[in-house]
Amino acid sequence: MDMRKIRKLIELVQETGIAELEVRDGDEKIRVAQFASVSAKVPEHAVAAEDVQVPAAKNAPGAVMAAPMAGTFYRAPAPGEAPFVDVGDTVAVGDVLCIIESMKMMNRVESDFAGRIAEVLIENGKPIESGAGLFRIL
């Protein structure tokens, strides 16, 4: 399934407010889920990938930029370098927001929205699932 279709599915879930959507196309299957709240904190050594996602509040203003794939979230192009974006930065559609390392490949994530970065929803270096909120953009 191509990335444009996946992004459209993510947008559909965000716009409609449904909790989960699963689509099958031949042998390919994708599930997009939207989470409403964070559960109680778990000690860091016991955290699973699905427990570290930090979803945006359902009624929070702005658009949530969702992860197009599962992997490890990185805010900067390399360790020790400045992040691609910080809270308060203005972004345009297509601007690089972060990197998701997936299957030893560094994938640049570009913004689907124009606006101002209001919130970073995930901590640098943490594992994420596809569809997890990355940034809230006003």
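User: Why is Asp112 called partly exposed in this model?

Analyst: In this predicted model, Asp112 has a relative accessibility of 23%. Buried would need a value under 20%, and exposed one over 50%. Because 23% lies in between, Asp112 counts as partly exposed.

User: What makes the contact between Arg7 and Asp112 a salt bridge?

Analyst: The N to O distance between the two side chains is 3.8 Å. The cut-off is within 4 Å, for a side-chain nitrogen of Lys or Arg and a carboxyl oxygen of Asp or Glu. Arg7 and Asp112 satisfy that rule, so the pair is called a salt bridge.

User: Where in the chain do Arg7 and Asp112 sit?

Analyst: Arg7 belongs to helix 1, while Asp112 is in the loop between strand 7 (105-110) and strand 8 (115-120). With their positions 105 residues apart, the pair links distant parts of the chain. As for its surroundings, Arg7 has a relative accessible area of 23%, so it is partly exposed.

User: Which residues line the largest cavity?

Analyst: The lining is made up of Arg7, Ile10, Glu11, Gln14, Val64, Met65, Ala66, Pro68, Asp112 and Phe113. You will recognise Arg7 and Asp112, the salt bridge partners. Helix 1 (3-16) and strand 3 (63-66) each supply at least two of the lining residues, and helix 1 gives the most, with four.

User: How do you know what chemical character that lining has?

Analyst: The lining divides into six nonpolar, one polar and three charged residues. Since Asp, Glu, Lys and Arg count as charged, Arg7, Glu11 and Asp112 fall in that class. Gln14 is not on the nonpolar or charged lists, so it is the polar one.

User: How many cavities pass the 30 Å³ limit, and what volume does the largest have?

Analyst: There is one cavity of 30 Å³ or more. The largest cavity has a volume of about 50 Å³, so it passes that limit.

User: Back to the ion pairs: how many salt bridges are there, and what qualifies Arg75 and Asp86?

Analyst: The count comes to three salt bridges. For Arg75 and Asp86, the closest N and O atoms are 2.7 Å apart. That distance is within 4 Å, so the pair meets the rule.

User: Where do Arg75 and Asp86 lie?

Analyst: Arg75 and Asp86 are in the loop between strand 4 (71-74) and strand 5 (90-91), eleven residues apart.

User: Why does Arg75 count as buried, when Asp86 is partly exposed?

Analyst: The 20% cut-off separates them. Arg75 has a relative accessibility of 19%, which is under 20%, so it counts as buried. Asp86, with a relative accessible area of 34%, lies between 20% and 50% and is therefore partly exposed.

User: What makes Glu119 and Arg136 a salt bridge?

Analyst: Their side chains meet at 3.0 Å, N to O, and because this is within 4 Å the pair qualifies.

User: And why are Glu119 and Arg136 put in the accessibility classes they have?

Analyst: Arg136 has 13% relative accessibility, under the 20% limit, so it is buried. Glu119 has 31%, between the limits, so it is partly exposed.

User: Why is Pro61 called exposed, and what does it touch?

Analyst: At 53% relative accessibility, Pro61 is over the 50% limit, so it counts as exposed. Pro61 lies in the loop between strand 2 (28-33) and strand 3. Leaving aside residues up to four places away in sequence, Pro61 touches Arg136 and Leu138. The C-alpha atoms of Pro61 and Ile137 are separated by 8.5 Å, although their positions lie 76 residues apart along the chain.

User: What surrounds Leu21?

Analyst: Leu21, in strand 1 (residues 20-25), touches Leu9, Leu12, Val13, Ile30, Arg31 and Val32, not counting residues up to four places away in sequence. Its C-alpha atom is 5.6 Å from that of Arg31, ten residues apart along the chain.

User: How do you know where the predictor's confidence is weak?

Analyst: The score to look at is pLDDT, which runs from 0 to 100. It stays under 50 over residues 36-58, for which the model has 26 contacts beyond four places in sequence. The chain averages a pLDDT of 79, and 79% of the residues score at least 70.

Terms used: Residues numbered from 1 in each chain as written. Predicted model: local features only at pLDDT ≥ 70, side-chain atom pairs only at ≥ 80, totals over all residues. Heavy atoms only, no water. 1 Å grid on protein atoms, 1.4 Å probe; cavity = no way out; pocket = protein on both sides within 12 Å on 5 of 7 lines; lining within 4 Å. Buried < 20%, exposed > 50% of the residue type's maximum accessible area, 1.4 Å probe, protein only. Contact = heavy atoms within 4.5 Å.
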